[in-house]
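Got your viewer open? Let's take a walk through this model, one selection after another.

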Protein chains: 2
Amino acid sequence: MYGVYTPPTVEDIRLRWQQICTWAKQNGRCQRYQKDVELDCESGWIYFVHRGMVRLQGQPRTSSVGTSIAIEVPKDVAPSLLALVGVGQPFELGREQYLQATSHVHNTEVIRIHVSELSFVPGFEIDVLQAFRYQHQRQMRQLNNVTQGRVIDQLLGYLYLLAEEFGKADSKGLHLPFVLTHSQLAGAIGSTRGTVTRLLGELRKNGEIKIAGDNTISLPLRKKSPLHLQLLE
Amino acid sequence: MYGVYTPPTVEDIRLRWQQICTWAKQNGRCQRYQKDVELDCESGWIYFVHRGMVRLQGQPRTSSVGTSIAIEVPKDVAPSLLALVGVGQPFELGREQYLQATSHVHNTEVIRIHVSELSFVPGFEIDVLQAFRYQHQRQMRQLNNVTQGRVIDQLLGYLYLLAEEFGKADSKGLHLPFVLTHSQLAGAIGSTRGTVTRLLGELRKNGEIKIAGDNTISLPLRKKSPLHLQLLE
């Protein structure tokens, strides 16, 4: 092993991202979507959120155990919400046909770059892979969240994970600047819409969350319980 | 964008990995562990399984909702099993203090490399990051698995994910060449040891799995149900 390691600066990464955005716009690689539109993604491409937000959902699975006939999925079961992808972050569907990418907010813009093009801007391939490494670490925390504890803790834990990534700090705490439906929240923790509605009410009553008139959620920071400490460490 | 893309060949990757292994052994960077020993991992390092297997577990969380006093975790609740890391694969704990790495089998060997050293063998940094990208995709499937369907489907789904990655094909199907305790399986899907014991019995009775005398599990391939098709696509 030899050489001296010089990690890229935030400025390096920002400049490369700008270069990519400019190239993408000039070459018709940036597409705009209205809210809740399913994106037409292909294997072999990496997609980047240029504006807005994309949610990755898993198709509801039909049951197979103990029967050769697929069982109908109950109506209250939400498709799983596997990730929310914010500005500058990449996503890919790979060959995983169960995944579905949907624009989460109005005027979401998505850039597409073929994997064979990633290395054409020096350093950019590593930026993208580092972003996936970061997402992998986030995903671990969410997997840890949904495989432990009571559903109400999983729900609050998920909101804290989101707040950590997307929350805007104000005097009252961390505010999530986008809306998630109860069905989407249910899909993130493997619960049902009805249960999430009930538990959100309970969390609000306990002062664990605040729900604004536009249905966005805030997490007050005053309370320092073990879960909060763990998630905001 | 310019240039011609030449992806690394499997042989390139293998040679770099050998180079790293040789260097690690010469420089005291390879450590051997008995079974079920907690590894002493530090932030800023990437670890590689050179032999055997490592499991990553999440610390059981104490509940915090609606009380300022931590609630005791019920005894039957397993720590979450977040990943099984096989030979050649990297893992890291990052700054995530909830994660714990443990040797899963006897004579597990682990190589450690500081993040600042990854770029010293040209191409190796990208190999490692590509491995994390791959793990991220696997993790998505597991998150999709545990946030949908009945517990018995989640259990079988998890076994199929493992079989896909670690299974050895024989005339009867896919054989998982290592043992997972019922508690570990429970930790992977967020269930309890007792439930897993009952459901494994049910799956065996239905012919969905086979359990050998040494407690290893095999999945017969004869049955082609929607779940199997989805997981083995």
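Start by selecting A:N107, which is partly exposed because its relative accessible area is 25%, between the 20% limit for buried and the 50% limit for exposed. This residue sits in the loop that links strand 6 (99-103) to strand 7 (108-114) of chain A. Check its backbone too: phi of A:N107 is near 60°, a positive value in a residue that isn't glycine. Keep in mind as you click around that this is a predicted model.

Now hop to A:N215, another non-glycine residue with a positive phi, here near 70°. You'll find A:N215 in the loop between strand 10 (210-211) and strand 11 (217-220) of chain A.

Time for some rings. Over all chains, the structure holds 8 aromatic pairs. Select A:F48 and A:F124: their ring centres are 5.6 Å apart, with 40° between the planes, and the pair is tilted. A:F48 belongs to strand 2 (residues 45-51) of chain A and A:F124 to helix 2 (residues 124-146) of chain A, so this pair ties together parts 76 residues apart in sequence. Both A:F48 and A:F124 are buried. Add A:W17 to your selection, and you have one aromatic cluster made of A:W17, A:F48 and A:F124.

While you're looking at rings, pick A:W45 and A:R112. A:R112 lies over the face of A:W45, 5.2 Å from the ring centre. In chain B, B:R112 lies over the face of B:W45, also at 5.2 Å from the ring centre.

Next, which residues have the most contacts inside the largest nonpolar core? They are A:L56, A:F91, B:L56 and B:F91, in a core of 96 residues. Zoom in on B:F91 and show what it touches: among its partners further than four places away in sequence are B:L39, B:I46, B:V54, B:L56, B:V85 and B:F132.

Stay in chain B and select helix 3 (residues 151-166). How far apart are its end C-alpha atoms? They are 22 Å apart, which agrees with the 22 Å that its 16 residues should span at 1.5 Å a residue. Helix 3 of chain B is mostly covered, with 13 of its 16 residues buried.

Last stop: B:L174, in strand 9 (residues 173-175) of chain B. Is B:L174 buried or exposed? B:L174 counts as buried because its relative accessibility is 11%, and the cut-off is under 20%. Finish by drawing a distance from B:L174 to B:Y160: their C-alpha atoms are separated by 8.9 Å, though the two residues are 14 residues apart along the chain.

Methods: Residues are numbered from 1 along each chain as its sequence is written. Chains are lettered from A and ligands numbered from 1 in the order in which they are written. This is a predicted model: local features need pLDDT of at least 70, side-chain atom pairs count only at pLDDT 80 or more; totals for chains, interfaces and linings use all residues. Side-chain values use heavy atoms; hydrogens and water are left out. A nonpolar core is a set of buried Ala, Val, Leu, Ile, Met, Phe, Trp, Tyr and Cys residues joined through side-chain atoms within 4.5 Å. Buried means under 20% relative accessible area, exposed over 50%, partly exposed in between (1.4 Å probe, protein chains only). Contact means heavy atoms within 4.5 Å. Helices (H or I, at least four residues) and strands (E, at least two) are DSSP runs, numbered from the N terminus. The expected span of a helix is 1.5 Å times one less than its number of residues. Rings of Phe, Tyr and Trp (its six-membered ring) pair if their centres lie within 6.5 Å; planes under 30 degrees apart count as stacked, over 60 as edge-to-face and the rest as tilted. A charge sits over a ring if NZ of Lys or CZ of Arg is within 6 Å of the ring centre and within 35 degrees of the ring normal.
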